[in-house]
Amino acid sequence: AMDRFDALVLGAGYAGLFAAHRLSLAGAWVLVVEAAPEIGGLMRSLPCPDRPDIQFDIGTHFALLTGDADIDGPLAALIPDDWIWFDGPLAEGHTHAGRLQPDTGCLDLTGHADIARFRAGFAAAPGDGDRADTLDARWRADFGAALTDEVLAPIARKHTGRDPADLAPGAMEVFAPPRLKLFDGPDVAARKAADPAFDRRIAHVHRSIGATNIRKAYPRTGGVGAFVAAMAADIERRGGRVLAGVAPTFPDWTTGAPVHTVEAGGRTFSFDRFVTGLAPAVVARTLGAAIPPAPFAARDLTLAHWLSDRPYAAEELHWVTVYDPETPHSRVTLYANISPWTPNRLTAEAAIGAGDPDPDPARLAAD
């Protein structure tokens with residue numbers, strides 16, 4: 001017997017499940033196939049062995065809405081009732097060189113001993129990094145050689161173990177600052193408004209000028225995996241299928257054919273449309289294309305979040321981005337400041353790779 005679906009989605013991480021969920025809301029019958037043994041990707045959770053009330057989040061620890069009213073209503077309905085909703089302006093600080101700086105999540109170098117040299121390099125840079133083909137070329141074009149070599153490259157090596165010249169231009173969007181704070185004074189906002197190239201590279205002088213307002217929901221004690229599990233269940237309630245631990249094959253693939261078949265888990269399915277929720281580097285490898293790798297392709301990299309009952313000395317911040325190359329942490333989310341009635345609790349996000357002493361998330365959860 002052959003099961004017929006309107007669309008096949010490869011990958012049951014958040015991207016794949018979101019695409020499948022959107023298609024299912026539009027009335028399509030969707031088949032989702034995931035090669036990993038569990039769905040969720042970076043939205044998976046593991047129970048902490050000695051703290052059954054706490055879930056250990058492998059990757060992100062919140063569910064983010066889209067701003068599209070047609071999508072957000074059904075998505076919000078999947079959020080467990082006990083999660084914290086946060087939709088106010090986000091106050092993000094950062095650490096660099098061992099100092100906590102509360103004004104912006106973007107790297108603030110205005111107090112650096114070499115700021116004059118950094119500004120001179122920035123002024124000489126052409127500012128056309130959006131045309132670059134590697135991360136190194138992008139940073140040099142946008143910020144100059146000194147900032148790239150002395151400040152930004154160590155951040156890239158922290159997360160990937162590779163030189164920026166070996167990485168795709170967008171490889172560090174999650175882990176490195178897209179803008180730098182290099183200038184003080186009231187004229188910065190005016191220059192940003194007048195010059196798109198300047199705006200793309202330079203952070204505001206204070207977070208109150210460029211506030212964001214993104215609605216997201218946080219599980220109080222971890223367990224973001226409950227959200228993707230609910231999304232998968234909703235897809236199946238609408239007639240779709242979500243299969244994990246399955247490596248699909250395409251025995252009769254012909255480009256442009258109106259109907260295709262896929263063999264997965266010992267069964268044959270047919271479908272009309274193909275959607276991928278996989279990382280571009282994975283798709284490129286499948287197609288035999290050569291591209292500079294992004295961090296998750298460059299290294300066996302996992303983001304790990306864990307919860308701590310210790311307070312953090314930044315009462316007004318909602319999260320802190322960690323740019324110090326010598327620590328594996330990437331971000332720290334301050335739950336007590338998102339929800340004042342929540343006890344002192346924070347999550348820390350770390351990059352764990354194959355070259356690290358203990359890259360096993362399950363072991364880290366146990367520890």
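A cavity is a set of grid points where a 1.4 Å probe fits but cannot get out. The exercises below apply this and other terms to a predicted model.

**Exercise 1. Find how many cavities of 30 Å³ or more the structure holds, and describe the lining of the largest cavity.**

Solution. Begin with the count: the structure holds one cavity of 30 Å³ or more. Next comes the volume, and about 50 Å³ of space lies in the largest cavity. The lining is then read off residue by residue, which gives Leu135, Arg138, Trp139, Met172, Glu173, Ala176, Pro177 and Pro178. Finally, sorting these lining residues by character yields six nonpolar, two charged and no polar.

**Exercise 2. Decide whether helix H4 (residues 135-143) is mostly covered or mostly uncovered, and name what covers its buried residues.**

Solution. A residue is called buried when its relative accessible area is under 20%. By this cut-off seven of the nine residues of H4 are buried, and the helix is mostly covered. The buried residues are Leu135, Asp136, Arg138, Trp139, Ala141, Asp142 and Phe143, and of the residues in this helix, Leu135, Arg138 and Trp139 also appear in the lining of the largest cavity. The cover over the buried residues of H4 includes helix H3 (115-124), helix H5 (145-160), strand E10 (180-181) and helix H7 (196-201). Following the chain just past the end of H4, one meets glycine 144, which takes a positive phi of about 100°.

**Exercise 3. Work out which faces of strand E2 (residues 30-34) are covered, and how E2 pairs with strand E12 (residues 241-244).**

Solution. In a regular strand the side chains alternate between the two faces of the sheet. On one side of E2 stand Val30, Val32 and Glu34, on the other Leu31 and Val33, and all of them are buried, so that both faces are covered. As for the pairing, E2 and E12 are joined over four bridges in the parallel sense, and valine 32 has valine 242 in E12 as its bridge partner.

**Exercise 4. Give the sense in which strand E15 (residues 302-308) runs against strand E18 (residues 346-352), and the order of the open sheet of three strands.**

Solution. E15 and E18 run antiparallel and are joined by seven bridges, one pairing being that of tryptophan 306 with alanine 348 in E18. Six of the seven residues of E15 are buried. The open sheet has the order E5-E11-E6, with antiparallel pairing, and its edge strands, E5 (63-64) and E6 (84-86), each pair on one side only. Between E6 and strand E11 (residues 216-218) there are three bridges, and tryptophan 85 stands opposite alanine 217 in E11.

Technical notes: Residues are numbered from 1 along each chain as its sequence is written. This is a predicted model: local features need pLDDT of at least 70, side-chain atom pairs count only at pLDDT 80 or more; totals for chains, interfaces and linings use all residues. Side-chain values use heavy atoms; hydrogens and water are left out. Buried means under 20% relative accessible area, exposed over 50%, partly exposed in between (1.4 Å probe, protein chains only). Helices (H or I, at least four residues) and strands (E, at least two) are DSSP runs, numbered from the N terminus. Two strands pair if DSSP finds at least two bridges between them. On a 1 Å grid over the protein atoms alone, a cavity is a set of points where a 1.4 Å probe fits but cannot get out, and a pocket is an open set with protein on both sides within 12 Å along at least five of seven lines; lining residues have an atom within 4 Å of a point. Grid points are joined across faces, edges and corners, and a volume is the space filled by probe spheres set on the points. Ala, Val, Leu, Ile, Met, Phe, Trp, Tyr, Cys and Pro count as nonpolar, Asp, Glu, Lys and Arg as charged, and the others, Gly among them, as polar. Contact means heavy atoms within 4.5 Å.
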